[in-house]
Amino acid sequence: MADYLEEIPPHKFFTIKSANEWMAEAKMLPPQKKLIGTLFFENETSILFGETNSGKSIAAVQFADCISRGKAFGHLENTAGPQVVVYFDFELTQRQFSIRYTDETGCEYVWSNNFNRVEIDPDADYPEGDYCQYICDEIEQVMLKAGAKVGIIDNITFLNDELEKSKGALPLMKQLKIIKRRHDFSFLILAHTPKRNASRPLTKNDLHGSMMIMNFVDSAFAIGNSRQGPNVRYIKQIKARNSAIDYGRDSVLVCHIEKPTNFLRFTIVGTSRETEHLETDNPMAREELLETIKTLYSDGESHREIASEVGVSHTTVGRIVREMISKGELKKRGNGTHRHVAKSPHVPSVPSEPYEDEELE
């Protein structure tokens, strides 16, 4: 350290070192490993937000399962290996959670022993005074007792009903950050967004108390509903400090919510532009849409030409045409030649039959 800095007495609040010393110490630190690709790293406080029924809890439980087993989420790699995880579930009851991970024959999903789930004991005495501080202390103690380094909190609104106001978010985020730094924890925190205009892209402003929360987290990503179908979602990165943003507006992760066996899950099917999932300001009524597609298809226009006219993706046009042909509502035409049109970004097809869950949250 420079001589003039050696003369400065130690300070109780700030830690002062030369920039070279900070850099030298940083070289000695172990690299931050990926828990869920570039969405969520070790030793981060990350926030996942979205509207009610967007599937945040479905994704978060799947993240917890992947982290507990040390496996990837789709193509999003895990370089940290198996980790002990504590999932603080303030949303689902024990029965609701069990239903999601049991098939029609009663066969239950078998979790890793690294996966721990926490509910609040309904018979517990609620403390007087600073409830938020009390819960944060309990979170810290539970994670230490479980030997966990990763905590997922579903969701933050339960911890502080003043979260919608920036002043309510500040003490909560401060306390969680202190706990994280004290023990090298990693926190993924779920949060709701208010009802929003489905024609507008997701931004940090869609998060309650956005300014305060964004200042205190290392990364943030959101789940958006898609016009492509009731079971289609997209994941968009909003903030990243430890990597570049890989899944921004031009390459959001496109997912289908599925339950092929006994595990309700997100399945990544590709990437696309966010605009492919947003509603138009004046969406065409479905009856009018179907009739227009039927007419244009019968007139010989290609799927891409039809898509350009009606304002949906060409893959959606293709799905609708196939459905109408299968129902006998439209006659399949030959393989005639159509005039060339420029290629548009690929958007995965949408399942025609959505999975019916009592609530997607």
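## Confidence and backbone oddities

Among the elements of the protein chain, helix α3 (residues 56-69) comes out with the highest mean pLDDT, 98, while helix α1 (residues 3-6) has the lowest, 50. Keep in mind that this is a predicted model. Over the protein chain, pLDDT averages 84, and 83% of the residues score at least 70.

Now for the shaky bits. Residues 162-166 have a pLDDT below 50, and beyond near neighbours in sequence the model gives this stretch 12 contacts. Residues 336-360 also stay under 50 in pLDDT. For residues 336-360, the model has 54 contacts beyond four places in sequence. Where pLDDT is low, the predicted coordinates should not be read in detail.

On to the backbone. The peptide bond running from D154 to N155 is cis, its omega being near 0 degrees. N155 sits in the loop between β6 (150-154) and α6 (156-159).

Two residues that are not glycines have a positive phi: N43, at about 60 degrees, and D184, at about 60 degrees. Here is where they sit and how accessible they are:

| Residue | Loop | Relative accessibility |
|---|---|---|
| N43 | between β2 (40-41) and β3 (45-50) | 28% |
| D184 | between α7 (166-183) and β7 (186-192) | 47% |

So why is N43 classed as partly exposed? Its relative accessibility is 28%, and the partly exposed class runs between the buried cut-off, under 20%, and the exposed one, over 50%. D184 counts as partly exposed too, because its relative accessibility is 47%.

Methods. Residues numbered from 1 in each chain as written. Predicted model: local features only at pLDDT ≥ 70, side-chain atom pairs only at ≥ 80, totals over all residues. Heavy atoms only, no water. pLDDT = per-residue confidence, 0-100. Helix = DSSP H or I, 4+ residues; strand = E, 2+ residues; numbered from the N terminus. Contact = heavy atoms within 4.5 Å. Buried < 20%, exposed > 50% of the residue type's maximum accessible area, 1.4 Å probe, protein only.
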